[in-house]
Amino acid sequence: MVAIVLLVFASDADAQRRRATAKKPAPPTPPKVEPAQMKCPEPLGTGVKTGASYCFVLAGREPAQGVLVTIPPHAGAATLRFDLHNRHTYSDEDIRAGRGFAKYTAVVAALTMTAELLGRGAVQSEFRAARDLHERISGGAGPGGVKAVAPIGREEITITIPAGVNEVSILGEVLDATTAAGRETATPGRTVAIISNVRVEYRPAPVKR
């Protein structure tokens, strides 16, 4: 009887040692947030205040024609974020003549390279005076060396990117604008909106050995 009890105690102690020395599973890799690598078919330029890069989003249906954003290899879903703006052409002459009011609604879509819809983003804004501009863009012929075209309004857009998707196209879908020039809508190849501050949040995929 004593021998059996000793064997039981020895077995329990050995099991406890095995549990204590067993390797704990590695903690999940923390997510990374970084500026996205992208191909902009039509850059607008660099912001005077922020130094941010601005890119036109054109109307279209073919993913290859959009703003192409590279999504790094990721474990699980990743998140694409960007700031969405309306496009406004500023004119001192229109302001002085009382024709400065403009109103914009724009909708863009994020697609896979096989044209699968991942999500949409929208921005709506109104212009009455220069203070309504989000910021000015350098490299123009206007006073202070700024361009007439400028971003107006700002909406932060968040799109979930499934595992296995490593490139996303951003294309314009809807434009409803009322300006001094009249009513404007989206037609293929036309600027629908402007994006900036494009970034990706993801957990790096494990390195294959």
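A pocket, as the word is used here, is an open set of grid points where a 1.4 Å probe fits, with protein on both sides within 12 Å along at least five of seven lines. With that in hand, let's explore this predicted model through a few exercises.

**Exercise 1. Find out how confident the prediction is along the chain.**

Start with the whole protein chain: its average pLDDT is 89, and 86% of the residues score at least 70. Then turn to residues 1-10, where the pLDDT is below 50. In the model, this stretch has zero contacts beyond near neighbours in sequence.

**Exercise 2. Describe the largest pocket and its lining.**

Step one is the volume, which is about 280 Å³ for the largest pocket. Step two is the centre: 20 residues line this pocket, and the closest to its centre are His88, Thr89, Tyr104, Thr179 and Glu184. Step three is to see which elements take part. Two or more lining residues come from each of strand 6 (78-89), helix 2 (92-96), strand 7 (102-112), strand 10 (167-179) and strand 12 (191-202). Strand 6 gives the largest share, three residues. Step four sorts the lining by class: nine residues are nonpolar, six are polar and five are charged.

**Exercise 3. Locate the largest nonpolar core and look around Ile161.**

First, the core itself: it has 37 residues, and those with the most contacts inside it are Leu80, Phe82, Ile161, Ile170 and Ile195. Next, its sources: among the strands that supply at least two residues each are strand 4 (53-58), strand 5 (67-70), strand 8 (117-127) and strand 9 (149-161). The largest share, six residues, is from strand 12. Now zoom in on Ile161. Leaving aside residues up to four places away in sequence, Ile161 touches Ile71, His74, Ala77, Ala78, Leu80, Leu118 and Val168. Finally, another core lies apart from the largest one; its seven residues include Phe56, Leu58, Ile137 and Val149.

**Exercise 4. Decide whether Pro206 and Ala130 are buried, partly exposed or exposed.**

Take Pro206, in the segment after strand 12. Its relative accessibility is 66%, and exposed means over 50%, so Pro206 counts as exposed. Although Pro206 and Ala75 are 131 residues apart along the chain, their C-alpha atoms are separated by 7.4 Å.

Now take Ala130, in the loop between strand 8 and strand 9. Its relative accessibility is 41%; the in-between range runs from the buried cut-off of 20% to the exposed cut-off of 50%, so Ala130 counts as partly exposed. The C-alpha atoms of Ala130 and Ile152, 22 residues apart along the chain, are separated by 9.9 Å.

Terms used: Residues numbered from 1 in each chain as written. Predicted model: local features only at pLDDT ≥ 70, side-chain atom pairs only at ≥ 80, totals over all residues. Heavy atoms only, no water. pLDDT = per-residue confidence, 0-100. Contact = heavy atoms within 4.5 Å. 1 Å grid on protein atoms, 1.4 Å probe; cavity = no way out; pocket = protein on both sides within 12 Å on 5 of 7 lines; lining within 4 Å. Points joined across faces, edges and corners; volume = space filled by probe spheres on them. Helix = DSSP H or I, 4+ residues; strand = E, 2+ residues; numbered from the N terminus. Nonpolar A, V, L, I, M, F, W, Y, C, P; charged D, E, K, R; others polar. Core = buried A, V, L, I, M, F, W, Y, C linked by side-chain atoms within 4.5 Å. Buried < 20%, exposed > 50% of the residue type's maximum accessible area, 1.4 Å probe, protein only.
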